[in-house]
Amino acid sequence: MRSGITCTVFGATGFLGRYVTHHVAKSGSRMILPTRCGENERQHLKVMGDLGQIVQLDYSIRDEEAIRFAVERSNVVINLVGREWETRNFSFDDVNVNFAKKVAEISAEVGVRRLIHVSALGASVD
């Protein structure tokens, strides 16, 4: 069963991401899963869909061309990327603000019909 939807899920290897990926794959959607981790951390995602239904890509949150490549064929983009702590390489703003903004801007540029963003920190303007 194919739904005709292509969905890119950023953050698919995280706690919420594995469940979202499983649910969307069950609906018959083609999945593009950009990840920043090694093969061992993402191998469990391969079996969530039929052969060829799930495509995994390597990317960096700072690489706009890789983000564009991941979303340009998609009808739906889901952003689940977030951090509850800062690291030497990534600040809160890098992950929770700048990356989310980049995904939204690039998705709009390439004509993605639906963008879903889940805040890891439950952040709001107020």
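**Burial and packing, reasoned out**

Modeller: Let's start with the whole chain: 40% of its 126 residues count as buried. Please keep in mind that this is a predicted model.

Biologist: Happy to. What order do the elements of the chain run in from the N terminus?

Modeller: The chain has four helices and five strands, and their order from the N terminus is β-α-β-α-β-α-β-α-β.

Biologist: And how many of the contacts between residues at least 6 apart in sequence join residues at least 24 apart?

Modeller: The share is 67%.

Biologist: Now to Thr8, which sits in strand 1 (residues 6–10). Why is Thr8 called buried?

Modeller: The cut-off for buried is under 20% relative accessible area. Thr8 has 0%, so Thr8 is buried. Apart from residues up to four places away in sequence, Thr8 touches Ile32, Pro34, Ala70, Val71, Ser74, Val76, Val77 and Ile78.

Biologist: What makes the pairing of the side chains of Thr8 and Ser74 a polar contact?

Modeller: A pair of N or O atoms has to lie within 3.5 Å, with one able to donate a hydrogen and the other to accept it. The side chains of Thr8 and Ser74 are joined at 2.5 Å, so the pair fits that limit. The Thr8 side chain also reaches the backbone oxygen of Ala70, at 2.7 Å.

Biologist: Ala70 brings us to helix 3. Which residues of helix 3 are buried?

Modeller: They are Ala66, Ile67, Arg68, Ala70 and Val71. These buried residues pack against strand 1, strand 2 (30–35), strand 3 (54–58), strand 4 (76–79) and helix 4.

Biologist: How do you know that Asp63 caps the N-terminal end of helix 3?

Modeller: A side-chain oxygen of Asp63 lies 3.2 Å from the backbone nitrogen of Glu65. The limit for a polar contact is 3.5 Å, so that distance falls within it.

Biologist: Why is helix 3 called oblique to helix 4?

Modeller: Helix 3 (residues 64–71) and helix 4 (residues 92–110) pack at about 50 degrees, their axes 10 Å apart. Roughly parallel would need an angle under 35 degrees, and roughly perpendicular 65 to 115. The angle fits neither of these, nor the range over 145 for roughly antiparallel, so the pair is oblique. The crossing of helix 3 past helix 4 is right-handed.

Biologist: Which residues make the contact?

Modeller: From helix 3 come Glu64, Ile67, Arg68 and Val71, and from helix 4 come Phe99, Lys102, Val103, Ile106, Ser107, Glu109 and Val110. They divide into six nonpolar, one polar and four charged.

Biologist: Why do residues three or four places apart in an α-helix point the same way?

Modeller: An α-helix has 3.6 residues a turn, so residues at that spacing face the same direction.

Biologist: On to helix 1 (residues 15–26), where Gly17 lies. What makes Gly17 buried?

Modeller: Gly17 has a relative accessible area of 2%, and the cut-off is under 20%, so buried is the word. Beyond its neighbours within four places in sequence, Gly17 contacts Gly11, Ala12 and Leu80. Gly17 and Asn79 are 62 residues apart in sequence, with 9.1 Å between their C-alpha atoms.

Biologist: Val24 is in helix 1 too. Why does Val24 count as buried?

Modeller: Its relative accessibility is 12%, and that is under the 20% cut-off, so Val24 counts as buried. Leaving out neighbours within four places in sequence, Val24 is in contact with Cys7, Ser29, Met31 and Ile78. Its C-alpha atom is 9.6 Å from that of Val9, 15 residues away along the chain.

Key:
Residues numbered from 1 in each chain as written. Predicted model: local features only at pLDDT ≥ 70, side-chain atom pairs only at ≥ 80, totals over all residues. Heavy atoms only, no water. Axes fitted to C-alpha atoms, helices over the stretch in contact; angles between N-to-C directions. Helix = DSSP H or I, 4+ residues; strand = E, 2+ residues; numbered from the N terminus. Left-handed = near helix turned anticlockwise from the far one by under 90°. Contact = heavy atoms within 4.5 Å. Nonpolar A, V, L, I, M, F, W, Y, C, P; charged D, E, K, R; others polar. Buried < 20%, exposed > 50% of the residue type's maximum accessible area, 1.4 Å probe, protein only.
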